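Colleague: Hey, got a minute to walk me through this one?

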Amino acid sequence: MTTAATPVAGGDTVAPIRATAWGAVWLLALMLFSGAVMKTVFSPLQEAAKLDMHLSDFAIGLVQGLATGAPVAIASIPLAWVIDHGHRVRLLIYLLVTCVAGAFLTAFAGGLTVLFIARMLSALGATCSIAVVISLAADMCAPERRGRAVVLLGLGAYAGTAAAFALGSVLLAQLGLHPPALLKGITPWRGTHLLIGMAGAVLIVPLLFLREPERQEVEVQNAAFGPTIRALLAKRRFLLPLFVGQIGVTIADTAAGIWATPVLIRGYHLQLAQFAGWVAAIIFVGGFFGSVLGGFGADFGHKSGRRGGLLLTAVISTAIGVPAAIFPIMPTVPGFALMFFFLVISGTITSVVATTAIAVLIPNEERGACLAMFGVINSIIGMSLAPTIVTLGSWAMGGEQHLAMSLAITGGVTGVISCAGYIVAMRNAPLGATHPAQAPVAEPAAA
């Protein structure tokens, strides 16, 4: 496969990408898998932690919401500068080490404050790694292959989330029945985090041998931070509704992922071992098909030549996700599982499409800052507030026994807002150099 060289400031060009480095992309997907496991494994174990530490739903909401969103919001903008101008592989290593430290600290947390800090570290490392990985992968792929690369990265993240439920259930049961000598005297949910942290530390080793890729599609060399922000603000009619759309999806998905376990335990009277397997399967299968549909849908829409065509798949998937938000109030467990599956696949599709839109429609020197701004807004409004919104809603209805209804209402309302945001973003998508109607025509790939 050959592609036209990319023009940059001063008439120079950056050498085209002649082959996608799929081996490196697979490694990056593995890193997202590892980070997702360390960040998410607390979710299936939170009921055990709540009982052990005598916490309320509101406290769990803070640990799962504010603790996971606040550090990302604080660190995203400074990290964006490093992503756009620094050594990204080294940054990724530091972030994953931070995530491992959070897993270890969770295992030894003696109170709400230490647990809050531990979850902050895990979320900071895992979530901020996503922007670094996307930036690296974008420079390892030709533009027309980036949607498929994002599919693979999405699979890594969703497989990690699914594995967190499966591993959390298995390790919790095994450590409760047959704890190894090393973990005797440690409660099972704490021992689970300790083992997950050890595995995460081992998986960082391959990153030490990954080379930093050459940056592609740089419109302005050595761009200052101020001009980068001004360039992004010039695209606000596209970016603001895009952010609104994805924030809505984040709120619905985050709330569902956090509170699905308590709803199944309290409302359907199931034990973790009875549902962790099929919840993990739904997350992985929904993530797989959602990533595939989102990646290929984004590529197909981008090649259509229609303005904002890349986002059409996101509009359709968010519309499907609105009725799926009723999953926590379904009368049967199979009904819960079916609606939860549709919510997962809808959220995955929109996340892949939104990420691809930034990777394709935003120039390289603005991409990291854009992802960082996206991360800040998403973290403050989406990740931080999602679980607390649900708990406040249940309190307004009369107490923690109304958790399921509050979760359903939250998902439905945010789904409608998300769909509207993507429609507006689609109508205001930029028609820059990366649009297929104006970009240099690439030769077709060899069969």
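Modeller: Sure, some vocabulary first: angles under 35 degrees count as roughly parallel, over 145 as roughly antiparallel, 65 to 115 as roughly perpendicular and the rest as oblique. This is a predicted model, where local features need pLDDT of at least 70, side-chain atom pairs count only at pLDDT 80 or more, and totals for chains, interfaces and linings use all residues. Residues are numbered from 1 along each chain as its sequence is written, and side-chain values use heavy atoms, leaving out hydrogens and water.

Colleague: OK, at what angle do α5 and α6 pack?

Modeller: About 155 degrees, with the axes of α5 (residues 88-107) and α6 (residues 112-138) 7 Å apart. So α5 and α6 are roughly antiparallel. Helices here are DSSP runs (H or I, at least four residues), numbered from the N terminus. Axes are lines fitted to C-alpha atoms over the stretch in contact, with angles from 0 to 180 degrees between N-to-C directions.

Colleague: And what about α2 and α10?

Modeller: The angle between α2 and α10 is about 60 degrees, and their axes are 8 Å apart. That makes α2 oblique to α10.

Colleague: Switching topic: how many salt bridges are there?

Modeller: Seven, from a search of the whole structure (a side-chain nitrogen of Lys or Arg within 4 Å of a carboxyl oxygen of Asp or Glu). One of them joins the side chains of K50 and E400, at 3.6 Å, N to O.

Colleague: Where do K50 and E400 sit in the chain?

Modeller: K50 is in α2 (residues 42-53), while E400 is in the loop between α15 (386-397) and α16. The pair links distant parts of the chain, 350 residues apart.

Definitions and conventions:
Helices (H or I, at least four residues) and strands (E, at least two) are DSSP runs, numbered from the N terminus.
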